[in-house]
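Subject: Handing over a structure

Dear colleague,

I am passing on a structure for you to look through, and below it I have set out what was found in it. Please keep it open beside this message as you read.

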Amino acid sequence: MSVPQQPWPPPYPPPADRFHPPEHGHPGAWPYDGPRASAPSGLAVGVIVLALVLTAVQVSIAVAAWPAAETYRQAARDGLAPWDVFTVYDGLVGLLFPTLLACYVVTCLWLRRCRANLDRFAPHLHHARSPIWTWLGWVVPVVAFWFPYQVVRDVQPDRVATPRVWLGCWWAGWLGFQLTLQSTGHLTASQDAIDEDLVMALPVLEAITTVALVVALVPWVRVVRRTTAAQHRLVESR
């Protein structure tokens, strides 16, 4: 006897009480005067593509860090400051901020659309944070260590152990990337003469930064695809 397959992803949980909202178009359906809701499919593609671009830029930076470290080492012997040296590594680092900014904007737009659909079609679901934190959570100091995780977690179709493992892997990798990224920035941002011993640690730190980002990328792609598929089911069922 065949075992029935569970849908992937599972649907968002219905209300716990006996009330079930009627299907869209039936008598008593939820009133709504705004534009027709839609799943954020295009935004999801943008989120994944930009995540891949960010990872590619970081991998290129890690590769370029090795010859750059030798250039910085020679500059340190000459008593030069980091700003007096320009390498391929520096050019690639210059691409990192606009790529991160693009990732931030598109990801927040995707999360905001997911949240709006849930607020409209599944208002019974609990959210730890208000909608504004889909934008602010990533940039406000201190709370940026856990608010974005909560925002992403609360738009998932379910919150059982397995999805949380994927979320945990993504968030651990992302935090590791952010922390090591700040460390590498300090090595080359000083106005003083280059420290020869410190600058030789640059390729190692960039390698660690890259590994952390790759660790975050794989579960992140799965989270985005899974959440967007659940949003499709939610919107089409109404």
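Counting from the N terminus, the elements of the chain follow the order α-α-α-α-α-α-α, which agrees with its seven helices and zero strands; here helices (H or I, at least four residues) and strands (E, at least two) are DSSP runs, numbered from the N terminus.

Please bear in mind that this is a predicted model, in which local features need pLDDT of at least 70 and side-chain atom pairs count only at pLDDT 80 or more, while totals for chains, interfaces and linings use all residues. Residues are numbered from 1 along each chain as its sequence is written, and side-chain values use heavy atoms, with hydrogens and water left out.

The pLDDT, which is the predictor's confidence in each residue on a scale from 0 to 100, averages 85 over the chain, and 83% of the residues score at least 70. Residues 1-5 stay under 50, and the model gives them zero contacts (heavy atoms within 4.5 Å) beyond four places in sequence. Residues 18-34 also have a pLDDT below 50, although this stretch has 17 contacts in the model beyond near neighbours in sequence. Where pLDDT is low, the predicted coordinates should not be read in detail.

Of the 238 residues in the chain, 41% are buried, where buried means under 20% relative accessible area, exposed means over 50%, and partly exposed lies in between (1.4 Å probe, protein chains only). Among the contacts in the chain with a separation of 6 or more, 79% join residues 24 or more positions apart.

Helix 1 (residues 41-77) packs against helix 2 (residues 88-121) at an angle of about 160°, with their axes 8 Å apart; axes are lines fitted to C-alpha atoms, for helices over the stretch in contact, and angles run from 0 to 180 degrees between N-to-C directions. That makes the two helices roughly antiparallel, a term used for angles over 145 degrees. Helix 2 also holds Ala116, which counts as partly exposed because its relative accessibility is 33%. The C-alpha atom of Ala116 is separated by 10.0 Å from that of Val155, 39 residues apart along the chain.

Finally, Val142 is found in the loop between helix 3 (133-136) and helix 4 (147-153), and its phi is near 70°, a positive value in a residue other than glycine. Most residues other than glycine have a negative phi. Val142 counts as exposed, because its relative accessibility is 57%.

With best wishes

Technical notes: Angles under 35 degrees count as roughly parallel, over 145 as roughly antiparallel, 65 to 115 as roughly perpendicular and the rest as oblique.
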